[in-house]
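Me: Could you pick one part of this model and walk me through it closely? I'd like the neighbours and the contacts in one go.

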Amino acid sequence: MTATKPVVLIAEELSPATVQALGPDFEIRSTNGADRTQLLSAIADVDAILVRSATQVDAEAIAAAKNLKVIARAGVGLDNVDIKAATQAGVMVVNAPTSNIISAAELTVGHILSLARHIPQASAALKGGEWKRSKYSGIELFEKKIGIIGLGRIGALVAARLQGFGTEILAYDPYITPARAAQLNVRLVTLDELLEQADFVTIHMPKTPETVGMLGAEAFDKMKDTAYVVNVARGGLVDEDALYTALTEGKIAGAGVDVFVKEPSTDLPFQALDNVIVTPHLGASTEEAQEKAGVSVAKSVRLALAGELVPDAVNVAGGIIAEDVRPGIPLIEKLGRIFTALSSDSVTAIDIEVAGEIAALDVKALELAALKGIFTDIVSEQVSYVNAPVLAEQRGIEVRLLKTPDVDDYRNVLTIRGALSDGTQLEVAGTLTGPKQIEKLVGVNGYDLEIPISEHLLVLIYADRPGVIGALGRVLGEKNINIAGMQVARNTEGGQALSLLTVDSSVPQDVLETLRTEIGATVVREVDLQG
């Protein structure tokens, strides 16, 4: 009896190389994913679906696909995939996080060159029958200062390409070590210094609550009136209203924008200005990027349906991992995000320690998950199990995986320990307890505690004294922020104390500053694990 081949549904046009990369081991079907009726019918019995951006793989589609194991997005963004619904259904979601990095970097350089020489405007004028040679006189990039906000993979590629023009590269990235900056031949500066000195500012940051509107009215006020702004990263990093005001009031010379808060966007006020160059989200729109994306996710589908580790899985690790190790993957990824949130400076070295019974097993996946967590909130590109070690290497961070069978109090303890550039050390530890394998934080910088990990954690360090807990409750209560759990640890009576609170909602920055003032805390950090 011949075994039935797994079914792979291609819902949008993909390159022949994508189908070739899937190989002969699958039954390949095609449908028009943009047609809802066709999609829901075609997806019913498939094992995997490959899409681009036109197909909405939402909760309804996932529920209709009873055999679905993998959703593969041939590109970087995942706005058209309901990751939460997929995870709840046990469906792996993969994408191609590095497929467009060269294309995005080259488009950034294209925008900078076009701004410097007014290429689109001059072309449009000439095609309209006007010879405006003097109007479109430009500037050279030679010896200009280029400010790059976010020195991840795309930012580093932009830096390398622009150095060929004889420019000086300034960079702001709080998570890049001086050694890595020197390797890239860029000068690390503060954000204010970058804004004040740069002739061109290009931003390559992840889109988070902290970075939305990062280039806004305050930033434009600090820039030279001859400076230009470029955003090929994420819509919303540049405040669109503030950009229009800065351009019309002459606070900056011009802008190049490829991404917008809402897309498609065709009628934003700044788009009509003559000193603005806009493109319709073309960062990944090259033949090479599209083919890389298709081939990349095809390989991930092969791995997933073979039961192997899938490097580019964004929601589950997948792969042949020991049953006792698997529960630790989401735990240590959260510990990585907690580690990053508590870091006071860039990291130079990281130890990932696995202690207890599982230390005798293959725990390489835990190292990958820890690094994925550490970088998730600090780089612009999608972080996966395959590129997380590369991100560490690019930043000159030494990483060690340590294993020991010795552990006190728990069956297993996972610890992330790091050396920071300011000479300090940071350590977070966690474990899983009980039949339900509850994720708990059991240590922060030598303070012993045990508290379940939740979406919103509040960490405070202060001088141990009476009245602090009351002050915490009062300030949070006045702001209608509910405390779900709390634990206090101290090194000595009257010495330093650590309070760790789980709260039901995010804590605004002004509330954090009020807490710092009220209790004289040396550390006040919120760790937001939502999303």
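Reply: Contact here means heavy atoms within 4.5 Å. By that yardstick R180 touches A156, Q394, R395 and G396, leaving aside residues up to four places away in sequence. Bear in mind that this is a predicted model, where local features need pLDDT of at least 70, side-chain atom pairs count only at pLDDT 80 or more, and totals for chains, interfaces and linings use all residues. Numbering starts from 1 along each chain as its sequence is written, and side-chain values use heavy atoms, with hydrogens and water left out.

R180 sits in helix α8, residues 178-184 (helices are DSSP runs of H or I, at least four residues, numbered from the N terminus). R180 is buried (under 20% relative accessible area, 1.4 Å probe, protein chains only), yet this arginine has no salt bridge (a side-chain nitrogen of Lys or Arg within 4 Å of a carboxyl oxygen of Asp or Glu). The nearest side chain of opposite charge belongs to E393, 8.2 Å away (Lys and Arg count as positive, Asp and Glu as negative; His and the chain ends are not counted). What R180 does have is a polar contact of 2.6 Å between its side chain and that of Q183. For that term, read a pair of N or O atoms within 3.5 Å; within protein, one must be able to donate a hydrogen and the other to accept it, and residues adjacent in sequence count only if both atoms are side-chain atoms. So R180's picture is this: buried, with no salt bridge, but joined to Q183 side chain to side chain.

Conventions
Helix = DSSP H or I, 4+ residues; strand = E, 2+ residues; numbered from the N terminus. Buried < 20%, exposed > 50% of the residue type's maximum accessible area, 1.4 Å probe, protein only.
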